[in-house]
Amino acid sequence: MGSVKDIEVLEEPTVTKLGRARFVFSDRYSVFDWGEMPDLIPQKGASSAILSSYFFEKCENRGIKTHYLKSYRENVIEVKLLRVFKPEFKDGHYDYSIYQKEKGCFLIPIEVIYRNYLPSGSSIFRRLKEGEITLRDLGLDKEPIPNQRLPKPILDTSTKLERTDRYITWDEACSISGLSNREMEKLKNIASIVNGLITEEFSRIGLLNEDGKIELGFDEKRHLMVVDVLGTLDECRATYEGFPVSKEIARLYYRKTEWYKAQEKAKKEDREHFKEICKAKPEPLPDKLKLLISQIYCSVCNEITKREWFKVPPLREIVKGIKEYYKMI
């Protein structure tokens, strides 16, 4: 079970053979690496499953291997199941040595992030300020500003299986995952193609695909394939006429709370155990905002797939309602 979906294992994977499973998408959501939040977002699970299936099928049509098998029912998809090796935390660091030995049928322990824009909430600004990355790393010749469109997309990477995600260099990504330089270049190429596909589909309904992430794994023959979930509003940060259209809407609300300040402080003290240290707990979302977020998920699903799965207003009307809501608080 994850923070937003559950897994029904139908056939366990082995060293030489992929397994089979069903992803059951829930209405849970997570922000700021906290894990399950106190609310459920109605229809979020079903809309995410449908949209993910849509993008997996688009990838397959473009020759990109994925672990997707079929849509099983509204909030469930069937997938090929990979082995997952969680690195052991000992002596103050994570041990990834197992990835130097394994050949196939496993999840690569990194996330690949694509960035087309730098929204105000992007981690890039903090990392530049704290010296974690340089302008050269980003391919920029001057300091970026919030909401800037990048001259060309940037690919970034972070850990996937640690207690909290940690941005790392591409050299470290290669090292911990056991990928060759050639495999890493192939991985980056797949990420660029997926980014282009999602950008194209989003733009068709007026969405700007600002940034997003994908996960990958190896099949039996050590061929790369896209795994987990793809193209949903949890994996992508998008805007509509300059306004966030994703779970960023919930982040906007929580950034003004005492809980957000407390958990950020706890992360600075001990990122590995910040949740236990944090004294505050997130409060539920206001009912009106929760309904609007639910409608966003459903409307984007309807408009991208060109099918009315959910009885909700058009995206334009919902975004207008959210803008009005934030003006009132």
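Contact here means heavy atoms within 4.5 Å, and helices are DSSP runs of H or I, at least four residues, numbered from the N terminus. This is a predicted model, where local features need pLDDT of at least 70, side-chain atom pairs count only at pLDDT 80 or more, and totals for chains, interfaces and linings use all residues. Residues are numbered from 1 along each chain as its sequence is written, and side-chain values use heavy atoms, with hydrogens and water left out.

Let's start with α1 (residues 44–61) and α5 (residues 181–203). On the α1 side, Tyr 54, Phe 55, Lys 58 and Cys 59 meet Val 194, Leu 197, Ile 198, Glu 201 and Phe 202 of α5. By class, that contact has 7 nonpolar, no polar and 2 charged residues (Ala, Val, Leu, Ile, Met, Phe, Trp, Tyr, Cys and Pro count as nonpolar, Asp, Glu, Lys and Arg as charged, and the others, Gly among them, as polar).

Now look at α4 (residues 170–177), which also touches α5: Trp 170, Ala 173 and Cys 174 meet Asn 181, Met 184, Leu 187 and Lys 188. This contact divides into 5 nonpolar residues, 1 polar and 1 charged.

Finally, swing over to α9 (residues 287–305). This helix has 19 residues and reaches 27 Å from its first C-alpha to its last, close to the 27 Å expected at 1.5 Å a residue (the expected span is 1.5 Å times one less than the number of residues). Of those 19 residues, 15 are buried, so α9 is largely enclosed by the rest of the structure; buried means under 20% relative accessible area, with a 1.4 Å probe and protein chains only. Right after α9 comes Lys 306, with a positive phi near 60°.

How values were computed:
Helices (H or I, at least four residues) and strands (E, at least two) are DSSP runs, numbered from the N terminus. Buried means under 20% relative accessible area, exposed over 50%, partly exposed in between (1.4 Å probe, protein chains only).
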